[in-house]
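Work through these short exercises with the sequence and model open. Try each task before reading its solution.

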Amino acid sequence: MLFGQMLTLLLVLQLAFTSLVYPALILGYMGQAAYLTKHHDFDSSYQIGYYISVPEAVRWPVLVLAIMASVVGSQAIISGTFSIINQSQALSCFPRVKVVHTSAKVHGQIYIPEINWMLMVLCIAVTVGFRDTKHMGNASGLAVITVMLVTTCLTSLVMMLCWHRPPALALAFFVFFGSIEALYFSASLTKFLDGAWVPLLLALILVAVMFVWHHTTVKKYEFDLHNKVTMEWLLALCDRLGMVRVPGIGLVYTDLTSGVPANFSRFVTNLPAFHRVLVFVCVKSVPVPRVLPAERYLVGRVGPPGHRSYRCIVRYGYRDVHQDVDSFETELVESLASFIRLDALFRCSDARSDADYERENAFTVIGSNPLRRRISYDDTHDSASSVEIRVDSPTGSSRTNTIELAAVAAPRVVKRVRFLVDPGSPDAEDKQMLEELHELCEAREAGTAFIMGHSHVKAKPGSSLLRRLAIGYGYNFLRRNCRSPDVVLRVPPASLLEVGMVYVL
């Protein structure tokens, strides 16, 4: 029902813009241009170009209408700026800023305080700097017509790539609308020195910031990808250095989906100790609005089962809200426990004979895996708050092995996860699964540490001056003045462990 209403509203808006708004806008601009070409005195400086074409009888009502339209238009521009910055940040094209979701039901309603203050400062600076509505009108006119021209170009691409329309139709659309907008764009460029340079300057600054951030972020990822190590190397290093496994769960945040990141290998080389249960967490933003909770966690093993190392890919859409640390930690532990049970079921099933399936390098989508139908969830209300993982004995006896994981959840809600062992499963596999779940329980009770990299970037020797300025100063300035990853991921400072890393790009 809601989707149908939104689709109907979108269709009405498209029809209204195509049949009413756009033609009226073009006719209005053409009428003003015709009047000003014949009657306006270009040598006078006291007349306002827009209002001189309005008849005297309706000039004041038009002024009031223009003020109201500017208020509505400014609100639309502010909301659009918030949405674009949020999506650019999700795609690693803009420095991290605080995004506040103002609605609990509609996640698209957002507010970004830093961008809002910057817009206010820019508006005041432009008003005080110009002190002339003609200059501000020239700047606004060039910005508007540039947006329309860019929109026409992108719509032509969307017609071919997304709507799969014939290229001739897209070309005809571009030629018809683009030629009209190109005329207005060329006319606005004649006012470049009279205020029209402001939107172009702001656009260049924004593009430079986005390019520096995105380019350096990609280079950092390539550096991590090139310098990552294998788990076999880490296990061999553990044997040589006498590595110590301390109680608890260590969550190592990394952008890599395979291998061990270089910052963690440097950490264990200098301090040969890490947690009993190790989880490499990779938070990814996918180009969809939302990710279903059942498809959010992808869990896999890193190394042999006895090493107790896992990899978890957490996927968020660009409109998803990052969870607080308590709920995230609880769901992560539940996902690990579910993965351990699913992995045991797989090892006991006939699916292990499939040669095309590499279990050691595979990920399990916790929540939508077919084997998960063997797991039942019982939600009850109680005065305590806990997560119970119960593994029933394969025999017919009434003895049960119960592992209870303490968890922070909503008050008076108990979530029990019951794992039923297949009666035909081998005792060795059952014992290994119980032992692994017990270790996960003990590590959860010992506490969780969040291990994150604290990077410093500098250009490699011999780089050009522009590259040294962009990477050594521009990116580091943006990194120091934007939100840090631990704040974005809501990591508690008491549990945060930062590992320094110098990137030479």
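**Exercise 1. The whole chain**

Task: Find how much surface the protein exposes and which atoms supply 65% of it.

Solution. This is a predicted model. Begin with the surface: about 29100 Å² is exposed, and carbon and sulfur atoms supply 65% of that area. Next, take burial. The protein has 505 residues, and 34% of them count as buried. Then list the secondary structure: 12 helices and 13 strands. Last, look at the contacts with a separation of 6 or more. Residues 24 or more positions apart account for 78% of them.

**Exercise 2. A residue in helix α6**

Task: Decide whether Thr216 is buried or exposed, and name the residues it touches.

Solution. Locate the residue: Thr216 lies in helix α6, which spans residues 197-227. Check its relative accessibility, which is 0%. The cut-off for buried is under 20%, so Thr216 counts as buried. Now look at its neighbours, leaving out residues up to four places away in sequence. Thr216 touches Val457, Ile471, Tyr475 and Leu505.

**Exercise 3. A nonpolar patch**

Task: Which element gives the nonpolar patch its largest share? Then classify Ile205 by accessible area.

Solution. List the members: Leu122, Leu189, Phe192, Leu193, Trp197, Leu200, Leu201, Leu202 and Ile205. Together they make a surface patch of about 780 Å². Assign the share: α6 supplies the largest, with 5 residues. Ile205 sits in helix α6. Its relative accessible area is 46%. Partly exposed covers values between 20% and 50%, so Ile205 is partly exposed.

Methods. Residues numbered from 1 in each chain as written. Predicted model: local features only at pLDDT ≥ 70, side-chain atom pairs only at ≥ 80, totals over all residues. Heavy atoms only, no water. Helix = DSSP H or I, 4+ residues; strand = E, 2+ residues; numbered from the N terminus. Buried < 20%, exposed > 50% of the residue type's maximum accessible area, 1.4 Å probe, protein only. Contact = heavy atoms within 4.5 Å. Areas by Shrake-Rupley, 256 points an atom, 1.4 Å probe, with all protein chains shown as cover. Patch = residues over 30% accessible without salt bridge, like charges linked within 9 Å, V, L, I, M, F, W, Y side chains within 5 Å. Salt bridge = Lys/Arg side-chain N within 4 Å of Asp/Glu carboxyl O.
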